[in-house]
Amino acid sequence: MEYTISLLASALGCPFTGDGSRAIARVSSWQDADEKSLVFLEKSERPVDVSATARAGCILVPQVLLPPGRDSIISETPKLDFARAAALLAPRPQGKGARHPSAIVSPGARIGEKVDIGPQVVIGDGARIDSGCILHAGAIIGEGCVIGHGCILYPRTVLYPGAVLGDRVILHAGVVIGGDGFGYIFDGRTQVKFPQAGRIIIEDDVEIGCNTTVDRGSLGTTRIAAGAKIDNLVQVAHNVEIGRGVVIAAQTGISGSTVIEEFAVIGGQVGFGDHARVQAGAVIGSKAGILPGKIVRGGEVYWGVPVRPLREYKRLNALFGRLPEMKQELDRLKAITASLQDTIDKLERRG
Amino acid sequence: MEYTISLLASALGCPFTGDGSRAIARVSSWQDADEKSLVFLEKSERPVDVSATARAGCILVPQVLLPPGRDSIISETPKLDFARAAALLAPRPQGKGARHPSAIVSPGARIGEKVDIGPQVVIGDGARIDSGCILHAGAIIGEGCVIGHGCILYPRTVLYPGAVLGDRVILHAGVVIGGDGFGYIFDGRTQVKFPQAGRIIIEDDVEIGCNTTVDRGSLGTTRIAAGAKIDNLVQVAHNVEIGRGVVIAAQTGISGSTVIEEFAVIGGQVGFGDHARVQAGAVIGSKAGILPGKIVRGGEVYWGVPVRPLREYKRLNALFGRLPEMKQELDRLKAITASLQDTIDKLERRG
Amino acid sequence: MEYTISLLASALGCPFTGDGSRAIARVSSWQDADEKSLVFLEKSERPVDVSATARAGCILVPQVLLPPGRDSIISETPKLDFARAAALLAPRPQGKGARHPSAIVSPGARIGEKVDIGPQVVIGDGARIDSGCILHAGAIIGEGCVIGHGCILYPRTVLYPGAVLGDRVILHAGVVIGGDGFGYIFDGRTQVKFPQAGRIIIEDDVEIGCNTTVDRGSLGTTRIAAGAKIDNLVQVAHNVEIGRGVVIAAQTGISGSTVIEEFAVIGGQVGFGDHARVQAGAVIGSKAGILPGKIVRGGEVYWGVPVRPLREYKRLNALFGRLPEMKQELDRLKAITASLQDTIDKLERRG
């Protein structure tokens, strides 16, 4: 979808310089840009020789970096406005009501208007799919699932029966929602399965990356609140609660009943023990480990296994790297004190 | 499936109090309970004001916590009996012989009685599926696979050719069984693939979580023994042997030829080097790392990277946290010894 | 495919001893070997009593371990030649032009000669599949994808639109290529999605393990260069570049824009921050953590979180294990210096 620079700037609420009538069709990297591309300069970047390198049609740029003689949109949050521009130039796809003949839709399912149902999609009895959804090839929707308006399910997503999605949820290929939680009680001979009969609710505007798994509640509910974003290959266990706007990077694992409050930011490969709680706005660095039951205070940055405030972690890690010197110093002091002891013994005898 | 309290108590081998004729239909959490729900109180929990909070029809509860005036089943292992009751009230589903017309079953496959074959299931030539199995939508069974009685394969499970499952195995959505192991020999120019032509055997009553991958043997066999339970997104490499009743939490990875003996319990995100051995009954904490070839003694708890007995790990971790104080103390001692040295020098000169 | 020993030896460029006319049909482990099996002895192994244990038809063995009276092929790189022999005895499967009627191939797709298209494969508009490929059941090829000659896509692989594969690429079951990268900018209220519109290119002879995910570039390109080998459940983020012949073990995660140069070897469960660079030939041990932006020098072995050269890591880890003794020594020195201080005080007073 094309915009003139002036229309795009106006939609972003930003001023522009240069030829406002020029047409912009896409966002691009600097390398790939052509005359219909919008590119951006981050505030932190040093000014680049834009005249030499860029064929870009328009530059989103903070005032201080404004290049002379180029069509530009001026923004003090260029990366954010670039993302907004991208959403304008390439609006999120919407279903149009296409249904592939190979799809298997239970007669007992209720399908809203303008829902696209791709090849080999399977929709179970009693499921409800609201308007504008796109179900890509091979998505499998279990019985009684509810999918809100405008959701996109990429190929091979699986919803176990009864899973509930809000509006505009995006599930990437291979995501599994609502599998059994992992709970067994050892009876002395075998592992007896704890019931995994709870619910799974994924609220509006959540996006979940490829091959991530989210288990249903064992009893009770697993819930991912509105606007949370989850990367690839993440594991969300039974009865976990993830708050609004939380961001979780790839391969992180969250054990049962743990709560991550709103707008926390979680790095990759982090591991959470069960029944932990991360308070609102906490930031947890990649590969950190949170012990079961631990409460992580909000508004701070954490790192390490077990997790510690970043400043403390850095200090400890620095000292860890200086263990050889500490050991050496210790040995030296040992020798000195022994020698002092000798001298004092002599002095005492002399005395 | 409904039980009266007296029948349920009798099936569990437990006494009950109150109205034995009351019908119980499901297990529930306290929050979700209704008059047909069974709930439970763990032995370790403090007595709760059950009269105020619970609409539950029946409480599974240890004698010491028995609430007055409530229909209860008395158990000294309430969580275990709750799990058993759950299995009675909602028995595991069994195939009934339904076959969806979109399923593609090789004429050379042998399908037992009462096997449910869902939409778009693919069953290869020479495969054998025993009675009572349920193959959910999109499961793919390679050529020559053997699947025992009463197995449940959730949507989109993949069995590479020749995989062997015992009876009552449960594979959750996205599980891949029998992929090639990861082995290459560098010839100076390219990575030459080591043959991955071995077998994969999964014994009775194993349950494997969503998107977990289990590779076939390279030569020889990968084996998961009876009753082992494996969580989501776990990686089991070629020639691994997992013993009876072993429990492995999410995102753990087990390198080639490692052996985990029976009833070991493995946390999440643990990493095993190749050719390691975990002896029977060992417990390994989340995020631990086991070096290649390492033998982990049975009957103890381990933690850390590389893995150490828990007590030792805790002590080291505590000392790690005290490195700043140790450094400070070291600096203080350095100053003191220097000052002592001075004084002694003076004393000596004076002497 | 059978070879005589003499033909096999000749194909490997190795001498043989014994009956060169004997037919060999397969590679085997020692346990599973029969009279048509080739087995091998690694150079590092101690001589085994081959006469007692082996029914193998032929032994690939270094000169120094050559067993008397057995048909053998002599090789100073027996494991490598065993792998080569395996590729001769069981050549990689090639497509023959079979197309299952349930496959859904867009009329706008261009399919080369001798491409096998399995049940329920979906091929989108404008895709190009070159000759000799095998697309197993349920593979989904998005619009405009390009797949080179002789590729094998195992069941349930997913290629997002526009993904490009070179020749002889192998994707194992559940692999997802070209999903959206993970990038959001917080606008104070919601996480705004950064555009994920770049490319994904996987070059010749790459092999990728089950359920691994590789994201497309956000802007620009994610690239996996020729001959790289990636294990199961690995995460490759947007704009990552993986060099020729790189080997990456299971469950490793690579954050955005990180570069791993050619022939680096990466262990399992390693985590890379974004914009890091691993120079050619570096070896990174399992569970290591590489900080964002970090440059890891080539030709060395690394370990730990954050990553350190192996020798340094080993030394630090050994000292970590001796923290209790260091603490004890520190306490002892504290007591000694206090006692020395006392003595000196007395000497001074006496003086």
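## A walk around the trimer-style axis and its loops

Start by selecting α5 in chains A and C: these two helices, α5(A) and α5(C), make a left-handed crossing (the near helix is turned anticlockwise from the far one by less than a right angle; clockwise would be right-handed). What you have open is a predicted model, where local features need pLDDT of at least 70 and side-chain atom pairs count only at pLDDT 80 or more, while totals for chains, interfaces and linings use all residues. Residues are numbered from 1 along each chain as its sequence is written, chains are lettered from A and ligands numbered from 1 in the order written, and side-chain values use heavy atoms, leaving out hydrogens and water.

**Stop 1: the α5 helices**

Keep α5(A) on screen and highlight residues 323-350 of chain C, which are α5(C). Helices here are DSSP runs of H or I with at least four residues, strands are E runs of at least two, and both are numbered from the N terminus. The axes of α5(A) and α5(C) are 10 Å apart, and the helices pack at an angle of about 30° (axes are lines fitted to C-alpha atoms, for helices over the stretch in contact, with angles from 0 to 180 degrees between N-to-C directions). So α5(A) and α5(C) count as roughly parallel (under 35 degrees; over 145 is roughly antiparallel, 65 to 115 roughly perpendicular, the rest oblique).

Color that contact by residue class and you get 15 nonpolar, four polar and six charged residues between α5(A) and α5(C). Nonpolar covers Ala, Val, Leu, Ile, Met, Phe, Trp, Tyr, Cys and Pro; charged covers Asp, Glu, Lys and Arg; the others, Gly among them, are polar.

Now swap chain C for chain B and pick residues 323-350 again, the α5 of chain B. The axes of α5(A) and α5(B) come within 10 Å and cross at roughly 30°. That angle makes α5(A) roughly parallel to α5(B). Here too you're looking at a left-handed crossing, α5(A) past α5(B). This contact has 15 nonpolar, four polar and six charged residues.

**Stop 2: whole chains**

Zoom out and show chains A and C in full. What superposes chain C on chain A? A rotation of 120° with 0.0 Å of shift along its axis does it, at an RMSD of 0.1 Å (a least-squares fit on the C-alpha atoms of residues with pLDDT of at least 70 in both copies). That's the relation of a three-fold axis. Try chain C on chain B as well: a 120° rotation with 0.0 Å of shift along the axis superposes them, with an RMSD of 0.1 Å.

**Stop 3: a helix pair inside chain B**

Select residues 5-12 of chain B for α1(B), then residues 78-89 for α3(B). Their axes are 10 Å apart, and the two helices pack at an angle of about 120°. That makes α1(B) oblique to α3(B). Their crossing is right-handed.

**Stop 4: cysteines**

How many disulfides does the structure hold over all chains? Zero (a disulfide being a pair of cysteine sulfur atoms within 2.5 Å). Click on A:Cys133: the closest cysteine sulfur, in A:Cys151, is 4.5 Å from its own sulfur, too far for a bond. A:Cys133 is buried, at 0% relative accessibility (buried means under 20% relative accessible area, exposed over 50%, partly exposed in between, with a 1.4 Å probe and protein chains only).

Next, go to B:Cys210. The closest cysteine sulfur to that of B:Cys210 sits in another chain's residue, A:Cys145, at 13 Å, which is too far for a bond. B:Cys210 is buried as well, with a relative accessible area of 1%.

**Stop 5: backbone oddities**

Jump to B:Val305 and B:Pro306, which are joined by a cis peptide bond with omega of about -10°. You'll find B:Pro306 in the loop between β39 (301-303) and β40 (308-309) of chain B. Then select C:Val305 and C:Pro306: they're joined by a cis peptide bond, with omega about -10°. C:Pro306 is in the loop between β39 (301-303) and β40 (308-309) of chain C.

Which loop holds B:Gln120? Look between β10 (116-117) and β11 (122-123) of chain B. B:Gln120 isn't a glycine, yet has a positive phi of about 65°. At 4% relative accessibility, B:Gln120 is buried.

Over in chain C, pick C:Leu233, in the loop between β27 (229-230) and β28 (235-236). Its phi is near 55°, a positive value in a residue other than glycine. C:Leu233 is buried, with a relative accessible area of 3%.

**Last stop: C:Leu153**

Select C:Leu153, in strand β16 (residues 152-153) of chain C. C:Leu153 is buried, at 0% relative accessibility. Draw a distance from its C-alpha atom to that of C:Val278, 125 residues apart along the chain, and you should get 29 Å.
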